[in-house]
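Got the model open in your viewer? Grab the selection tool and let's walk through it stop by stop.

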Amino acid sequence: MSTPRITSSMISRSTLADLNDVATRITDTQRKMSTGKQLTRPSDDPFAVGRALGLHTEVDGLVQYQRNSADGESWTAASDTALGTLTDIAQRGRELLVRGANGTATAGERAVVADEIDQLIEAAKQTANSQQGGRSLFAGTATDVKPYAAGSDVYAGDGGDVVRSIGPGVAVVVNVRASDILGSGGGDGKMLSVLRDVSAHLRGGTSADQAALGGGDIAAVDRSIDDLLGARAHIGAVANRLSAADDRLAELEGGARELLSKTEDADMASTLIDYSMQQSVYQSALKAGAGIVQSSLLDFLR
Amino acid sequence: MGLHTSLRGLLAEQRALDVTSHNVANANTQGYSRQEAQLQATDALALPTGGQLGTGIDVTAYKRIRDSFLDLQYRAQSMQVGAGTTRADGLSQAELRLAEPGDNGIAARLSSFWSSWADLANAPDSGAAKQALIENARTLASSVNALDSGLAGVSTQSADELTAITATGGELQQIGKELAGLNGAIRDTERVGGQPNDLLDRRDVLLDRLSQLAQVSVADNGAGSIRVTVGGAGAPLVDGSALTWPPPAMTSPGGKLGALMDLSSPTGTIASYRGDLANFAQALTTQVNAVYNPAAGVDFLAYNAGTATLTVNPAVTAANVRAGGGAAGDNSAALALSELRGRSGGPDDLYSRLVTRIGTEVADARRGEQNATALSESIEDRRQSTAGVSLDEEMTNLIRFQRGYQAAARAMTTTDTLLDTLINRTGRVGL
């Protein structure tokens, strides 16, 4: 059998099979065009789909880290404002101290100054009780508790760190505890106890009081101011770190999204070219099929 | 003498025309093998003067043109097509249940679950964050359970299809019955010297269909009857005109039945997907609980391996879910849980591996199906090239035999004219 016999059913069957084949490919391309995705099922390219799933996880993680970081930034911004107020209070306390320490001031004048210092202490406690979104800023992790209750200088918060995660395994402490800057319960050389001492010395009026006002108290108030400045610098550094992390995370997210798009999205230009090529193949297959299947020797016999 | 020779010619050409008509009529009949009238000169008349005088022609047989070797090849391939198509369809169903890549798949749900923990870490005392976490965890659990029952559904479907084919009254018994019947009919026809071409075609079509279902081996019993063994069974399904029912146990079914058995088997492919999914759910539960509840108190997730269901522990509610240890702002647990996202060897990894595995196996199955189909088509082409009806050829034959008939008729007319001359015009002198 040198020349294979070509029978009618062979022609129609192979024409049909070819048409089916082209039609399947056109459907695939159409699906790519209408979804804009190169991968619509895992079997399209199993490893690319695996990679796409991984990239989705990465992108979602990066978005979440940015959200965490933004939350941390709002926390540090609120803390910074409160610390600024506290610094102003301490500065005001120092001014009053200097005025009260003046040897020419009468006992009555000193009492007035002492009253104002008492007010400053209350203001400082109130500021330390600041909240952000209903959570105490300076109470450690006891965010539902105000650090200082009315009429008490004892710190009511805990020693916990408020932590925000800004990357895999990267946790940033965004809080400052009131106990570290204002102190707890007195006698610890922190701002509240220092101001209480100053107030007492102003009211005391003994020569020892006078000496303390002129000497140790000023140094102690300066140390409190330094504590506050130190805390502000720390919070500022944390804020900087968060905002830098934000930028970096956004960049990483952009990169991951680009990679994801390359993995997952259809290249429209080449998809369109594929489509028009397949379309023309389909047309010619139809034409050829119509021509061959229709004609036979029957057409020429009479 | 001459008249008879011409008559034989006329009759033979007419038979040949009949066969051609039969071929044309069956050009599109499935499994039809073209036939050919085999013409042979009849025995010559030895003349007393020496030499032989031809006596015309006769049809000796109606030959069925078919290559049984191609049938064997076709059936071997057809079994692969049956297996490949069924497997690819079944696995594609499993793949569809994954709904990946997409926003409704488990990967996306898992991502929302981790994000909920991170949101809770940012607001450890927020009732809204806790509510969202519980809702997202429940959605995740129900997606995992839905996928598992979806996969189980694919298994069940395959088992149902398998039963439908192999049960009494199913396709297998139908084919077996018909084969046994045809065996009897063919034997009877051949016994009286007939040529049951169309019955043989019908039997071959049945064997083709049977080979899609399972591996088929055919042995000749002689006298036109065959013995058909299915799926490597120890005993034949059909032996002559006897059908063994229920069918002898198959050791290596192959074909569609083999694929269905694998899909529905508790140790088959779908079952192993469910196993991977169970591992994922188990690992998710273990890893989440280990972080959420290191001291073996109240777990967050619960996985029941027996019923393969993942649930959020009903004891955990938005009111009592914890972000950390004690203080309202302690987010240590939530933070650590959010860090499980994308961890190597973690739940995301296990799930992604399952998706890749299913994707790869579906792609392999599709490729296998395509290869088997292409091969079986090329064998079918070769089979059709031998056995198929070519209309062009039949038209040519039609002309050939018509002309032959015309010529034989003309020869008969000539003889008739000769006789006319002899009978009617001879010896009429003076009339």
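Select L301(B) and look straight across: V312(B) in β10(B) stands opposite. You're in a pairing of β9 (residues 301-304) and β10 of chain B, antiparallel and joined by 4 bridges; strands pair if DSSP finds at least two bridges between them. Helices (H or I, at least four residues) and strands (E, at least two) are DSSP runs, numbered from the N terminus.

Now show side chains on β10(B), residues 309-312: L310(B) and V312(B) point to one face and are buried, while T309(B) and T311(B) point to the other and are not. Buried takes 20 or more other C-beta atoms within 10 Å of a residue's own, exposed 12 or fewer, and partly exposed lies in between, with C-beta atoms placed from the backbone. In the hairpin's 4 residues between the strands, pick A308(B), which takes a positive phi near 55°.

A word on trust: this is a predicted model, where local features need pLDDT of at least 70, side-chain atom pairs count only at pLDDT 80 or more, and totals for chains, interfaces and linings use all residues. Residues are numbered from 1 along each chain as its sequence is written, while chains are lettered from A and ligands numbered from 1 in the order in which they are written. The model scores ipTM 0.86 and pTM 0.86.

Next, the contact between the chains: 46 residues from chain A and 44 residues from chain B, counting residues whose C-beta atoms, placed from the backbone, lie within 7 Å. On the chain A side, color α2(A), which gives the largest share, 15 residues.

Last stop: G204(A), in helix α5 (residues 191-204) of chain A. G204(A) is partly exposed, because 17 other C-beta atoms lie within 10 Å.

Terms used:
Two residues are in contact if their C-beta atoms, placed from the backbone, lie within 7 Å.
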